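Okay, thanks for coming, everyone. Let me put the sequence and the structure up, and then I'll walk you through a few spots.

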Amino acid sequence: MQSRAYISEGIELRSPEITSCENGEIKWTSVPGVSAYRLTVDGRTVSDNDDGFYHSNTFDASALTGRSLITLEAAGGNARNKCGGITSVLYDGSDKTLSLSPVKGLRADGEVLRWDADNAAAAYLVIDIDYNVIKTADTFYDMSNENIVLGVYHDTCSPIFGCVPAPCDIPYLNGSGTAADPYIISTPFDLRTVDYYESLYASAGGTEDRKHYKIICDLDYNQVRALESDSNIYTLRKPFFGALDGCGKTLSDINVNYDGGYWALFDFIAKGGTVKNIRFVNPSVDNKLQKPEHPLDASVATVANRNYGTVDGITVVGAKYASSGGEICGIVSHNFGVVENCTVSGEFTLYATGMQSQACYEAAGITTENLCGGHLRGCYVPSLTVKGEYCKGSGNVYYCNMRTAAGIVSVNRAGGTVENCGFSSIAMINALCNCDGNAGGFEWGGIVAYNAGTVIKGTAALGNFVWNGAEVTADIGADGNAEAEQLGRLVGKNDGVVC
């Protein structure tokens, strides 16, 4: 890529194009009609003779330490010839590599990112958090319907030597990100920018302190125009290492419609990451049918798809979740960490696939799958309705799309612990494998549907559990294949420890 060349009465001079950087030796192409260049390092002119210019096509930067801004410009040689645009790169003395040079004056104006114009730049490279590159001549970029921007750079870097983007300091949020002075979130767009800060943390290799965030206002998603399809919120897709305190604030009327894959506010909460004290009111998520033969990993959750950290004090009220080929839960789809003191109420619907015996048709108030090392404690479900939908299969057999369902955890794997969790009212409708009444190893429970780990009852109340119109009275279902033997207010089917 080359920056803009100026045209005048004299000769048009191209800007130098860097071709390689090996062991700190930077090389660039010759510019026709030019025998000298203006070379600067951090604003200081570098010359190889007494005329103030640099005459070689090679510069040894190996002695430089830290990050240095290096600029190159073709020298005109006479008054009629005009110099080309400036080639600008960052040199990193620690690993002797070059990176793209950031623009100056980056600032967020609501959902629009702006920066200072540079007359030497023909265009700018906008790089988003997924490393998509957008080339623009403008000095602004509207993110309302696009990904969050990771950085903006001068379009002066040659792809030959593989320039990478240097981190940009974009002040999306107020605060410094420390525990004492957390980043402040006051709008739905502010919440989206968490991905930017977490990307910077990850790129630093964990050498920095974790970022801290604080929500100070209720966030009304009715006020957010649709971002994609008719959804009004993006998933935070970058691994979350930080600490987010919702301070009891409400995220209301989230609406998501998508086709396949999974959805949750966070894709991945890393070990040590914390999300706490948030209320979700009237969230609606519908995972439409992708392909009937490929329904796996089409999960719906509120907080995270995978959690290795801590999710604490989350309240979900009035959830309307539906999936046509996957799992539904109220907090975390796959838990390897800690989920505690969370409550969920709403209605979950599994529908419209027509596939028999798919292991993914699961639903639970809190977590669909609690894995080895996962610990749920003190969670509660005031009211939950889970509905399956009959679909015609082969012959005259009609299959239902609810395989396994529970008030708290659908499947508690070996090494997982569910402790002191309870419910007030759970209703399961159309919870059958098919119309001939053969459940074939499917389970339903008030707390856990299938347990291979440890379930500790504690003091939490086991309320009213209605399955296909009939009240379930047994705490633990017996081993076997009959439907009634796999129903329990505490555990539907147990291959682990219940105490």
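Before I point at anything, one bit of vocabulary: when I say two strands pair, I mean that DSSP finds at least two bridges between them. And keep in mind that this is a predicted model.

So, with that in hand, start at β1 and β2. These two pair in the antiparallel sense, over four bridges, with β2 covering residues 25–28. If you want a landmark there, S20 stands opposite K27 in β2. Zoom out a little and you get an open sheet of three strands, in the order β1-β2-β5, with antiparallel pairing. Why do β1 and β5 each have one side without a neighbour in the sheet? Because β1 (18–22) and β5 (58–60) stand at the edges, each with a single partner strand. On average, neighbouring strands of this sheet are turned by 15 degrees against each other, direction ignored.

Let me step back to the whole chain for a second. We're looking at 499 residues, and 53% of them are buried. In secondary structure, that's two helices and 48 strands. Of the contacts with a separation of 6 or more, 73% are between residues 24 or more positions apart. As for the surface, the chain exposes about 20000 Å², with carbon and sulfur atoms supplying 48% of it.

Next stop, T40. You'll find T40 in strand β3, residues 37–41. Buried or exposed, T40? T40 counts as buried, because its relative accessibility is 18% and the cut-off for buried is under 20%. Now look across to T71: 31 residues away in sequence, yet 5.3 Å from T40 in space, C-alpha to C-alpha. The side chains of T40 and T71 make a polar contact too, at 2.3 Å. Leaving aside neighbours within four places in sequence, T40 is in contact with T45, V46, L69, I70 and T71.

Then there's S299, which sits in the loop between β23 (284–288) and β24 (304–307). S299 is buried as well, with a relative accessible area of 0%. Which side chain does the side chain of S299 join in a polar contact of 2.8 Å? That would be E327. Not counting residues up to four places away in sequence, the residues S299 touches include Y258, Y262, W263 and H334.

Now over to β44. Strands pair through backbone hydrogen bonds, either parallel or antiparallel. Here β44 (residues 462–467) pairs with β40 (residues 422–429) in the parallel sense, over five bridges, and A427 stands opposite V466 in β44. With β45 (residues 470–471), β44 pairs in the antiparallel sense, over two bridges; there, W467 stands opposite A470. The hairpin of β44 and β45 has two residues between the strands, and N468 takes a positive phi near 50 degrees.

Last thing, cysteines. How many disulfides does the count come to? Zero. I'll just mention two cysteines while we're here: C21 is buried, at a relative accessible area of 17%, and C168 counts as buried at 5%.

That's my tour. Happy to spin the model around if anyone wants another look.

Methods. Residues are numbered from 1 along each chain as its sequence is written. This is a predicted model: local features need pLDDT of at least 70, side-chain atom pairs count only at pLDDT 80 or more; totals for chains, interfaces and linings use all residues. Side-chain values use heavy atoms; hydrogens and water are left out. Buried means under 20% relative accessible area, exposed over 50%, partly exposed in between (1.4 Å probe, protein chains only). Contact means heavy atoms within 4.5 Å. Accessible areas come from the Shrake-Rupley method with a 1.4 Å probe; for residues, only the protein chains shown count as cover. Axes are lines fitted to C-alpha atoms, for helices over the stretch in contact, and angles run from 0 to 180 degrees between N-to-C directions. A polar contact is a pair of N or O atoms within 3.5 Å; within protein, one must be able to donate a hydrogen and the other to accept it, and residues adjacent in sequence count only if both atoms are side-chain atoms. A disulfide is a pair of cysteine sulfur atoms within 2.5 Å.
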